[in-house]
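Grab a pencil and work through these exercises with the structure open beside you. Each one sets a task and then walks through a solution.

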Amino acid sequence: MKQEPATNHEKKKALLFGQVSVKVSGLSLEKLITRAAEQGVGLLRVQRQDVRTLTATLATRDLPALRRIAEAVGWRVTVERASLLGRSQSLLSYRAMLACGLAVFLALVWMANACVWFVRVEGAGESIGEVRAVLAEWEVRPGRLTATLDLQGVQQALEARLPRVAWIDVRLRGVTVVVECVPARMPTPATYGGEPCDIVASRDGVVTGVTVYAGIAKVKVGDAVRKGQVLVTGEERTADGGIRPVAARAQVLSRVWYTGSARLPATEHQSTPTGATWERRVLCTPWLRWSDTDESPFAEQDIHIHRQVVGGVFVPVWVQEEHYAEVVLDPVLRDRAELERESAALAEQRARESMPFHAQILDKWVEYSMIKDSYFMAEVVLETVEDIAIETTY
């Protein structure tokens, strides 16, 4: 029954590689070894401590089977020492649910911050239906990943669909998409008054909407109008069928196009040193320069200047050493992508300069052209919607 005591090396090896030392208490412990062998539980270094107690070492994976054998007979199994690997397995087993719970919690936190949970519309007024329709088209809804939202596209779509709104801003605030609208101020009937006048077009365009407050409309949606054309006459019919002059008041929205162009050099000069150099010293004061040599003989050059003060505050005199390096300038074509970017930005800026402040941009076109490999030209066309109605007296 009693085996040889294990050496220190064997004990350290057992404690490192997935083994556990146990103490078994009970009667007739000799049957334990027999039953353990029958069920494939290998007991190592079995030692009898007293009549009712023995100790043994076994693999960590066999510990549950040994406990079942002991419970069936009434023996008590106590773990005295477990190997490093065994303790790690136990720790992982006991903490598995905690690790899963932590992973689920972190996933929920990420989802809570990566998704949109609220959509708030402010100041839309009677245009709230159009705003919700645009948000539905762009799938701006709770549960949508914020990384997949195109808020700039949503804002441009709202600006195109809501001509009665003077200003629109679409932004993400935490987990909330905020759509803020500022309605345009419309004249009220109490402010009409004034001398009889017509409403004419301030510029060429295509009519997209006509709202008449006073007067008779002379154009309809879809009509192309020219600058100065009468849009609403300053007349109204009376109850007896007559005509009386009034101060026409109306809002006439129209699509208007603005163009801007920019021409940039298509090449830039790259300097290449020839190796030739030339130097001279110049005595300088704030009023004159003196040197015993002539000017540089090079047509194209790089200049490096070093100044050495020889006077003081009251005697402003210094010596200037000038180093000239001859270079050759070769024309090199500029990068086309850079030319497109710079020329398009300049052309759009010039197109915007001719726009009124209340015009809303709907679309933009850019055309590029190269002129004899010397100049690169961009032309930008901005399509806007704006109120082109202005008053003109009889």
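Before we start, one definition: a helix axis is a line fitted to C-alpha atoms over the stretch in contact, and the angle between two axes runs from 0 to 180 degrees between N-to-C directions. Keep in mind that this is a predicted model.

**Exercise 1. Two helices**

Task: Describe how helix 6 and helix 7 pack, and say which residues make the contact.

Solution:
- Step 1. Know what to report: two packed helices are described by the angle between their axes and the distance between the axes.
- Step 2. Fill in the values: helix 6 and helix 7 pack at about 145 degrees, and their axes are 10 Å apart.
- Step 3. Add the handedness: the crossing of helix 6 past helix 7 is right-handed.
- Step 4. List who takes part. Helix 6 brings E130, V131, A133, V134, L135 and E137, while helix 7 brings V154, A157, L158 and R161.
- Step 5. Sort the contact by class: it has 7 nonpolar residues, 3 charged ones and no polar ones.

**Exercise 2. A sheet of four strands**

Task: Find the strand order of the sheet with 4 strands, and name its edge strands.

Solution:
- Step 1. Recall the general idea: strands of a sheet pair through backbone hydrogen bonds, either parallel or antiparallel.
- Step 2. Read off the order: this open sheet runs 17-16-19-18, with antiparallel pairing.
- Step 3. Look at the ends of that order. Strand 17 (289–290) and strand 18 (301–309) are the edge strands, each pairing on one side only.
- Step 4. Zoom in on one pair: strand 16 (residues 267–284) joins strand 17 in the antiparallel sense over 2 bridges. Here C284 stands opposite R289 of strand 17.

**Exercise 3. A sheet of five strands, with a helix on it**

Task: Work out which strands of the sheet with 5 strands have a single partner strand, and what helix 8 touches.

Solution:
- Step 1. Trace the sheet: it is open, its order is 11-9-15-21-20, and the pairing is antiparallel.
- Step 2. Pick the edges. Strand 11 (224–225) and strand 20 (360–371) each have a single partner strand, so one side of each has no neighbour in the sheet.
- Step 3. Bring in the helix: helix 8 (residues 336–353) packs on this sheet and touches strand 15 (249–265), strand 20 and strand 21 (375–387). Its direction makes about 145 degrees with that of strand 15.
- Step 4. Check one pair: strand 9 (residues 205–214) and strand 11 are antiparallel partners over 2 bridges. V206 stands opposite A224 of strand 11.

**Exercise 4. A strand inside**

Task: Decide how far strand 8 is enclosed, and find where it meets the largest nonpolar core.

Solution:
- Step 1. Count the buried residues: 5 of the 5 residues in strand 8 (residues 197–201) are buried, so the strand is largely enclosed by the rest of the structure.
- Step 2. Split them by direction: C197, I199 and A201 point one way, D198 and V200 the other.
- Step 3. Find a partner. Strand 8 pairs with strand 12 (residues 230–233) in the antiparallel sense over 2 bridges, and V200 stands opposite V230.
- Step 4. Turn to the core, which has 21 residues; I199, V225, L231, V232, V252 and I388 touch the most other members.
- Step 5. See who supplies it: strand 8, strand 12, strand 15, helix 8 and strand 21 each give at least two residues. The largest share, 5 residues, comes from strand 15.
- Step 6. Look beyond it: another core, of 19 residues, lies apart, with V24, L32, L58 and V77 among them.

**Exercise 5. Buried or partly exposed?**

Task: Is V256 buried or exposed, and what does it touch?

Solution:
- Step 1. Place V256: it lies in strand 15.
- Step 2. Use the cut-off: buried means under 20% relative accessible area. V256 has 2%, so it is buried.
- Step 3. Follow its contacts. Leaving out residues up to four places away in sequence, V256 touches R203, D204, L382, E383, T384, E386 and I388.
- Step 4. Take E386: it is 130 residues from V256 along the chain, yet their C-alpha atoms are separated by 7.3 Å.

**Exercise 6. Positive phi**

Task: Compare the settings of R45 and E139.

Solution:
- Step 1. Check phi: R45 is near 50 degrees and E139 near 55 degrees, positive values in residues other than glycine.
- Step 2. Locate them: R45 is in strand 2 (residues 44–50), and E139 is in the loop between helix 6 (128–137) and helix 7 (151–161).
- Step 3. Judge accessibility: R45, at 19%, counts as buried, whereas E139, at 41%, is partly exposed.

Definitions and conventions. Residues numbered from 1 in each chain as written. Predicted model: local features only at pLDDT ≥ 70, side-chain atom pairs only at ≥ 80, totals over all residues. Heavy atoms only, no water. Pairing = 2+ DSSP bridges. Buried < 20%, exposed > 50% of the residue type's maximum accessible area, 1.4 Å probe, protein only. Contact = heavy atoms within 4.5 Å. Left-handed = near helix turned anticlockwise from the far one by under 90°. Nonpolar A, V, L, I, M, F, W, Y, C, P; charged D, E, K, R; others polar. Core = buried A, V, L, I, M, F, W, Y, C linked by side-chain atoms within 4.5 Å.
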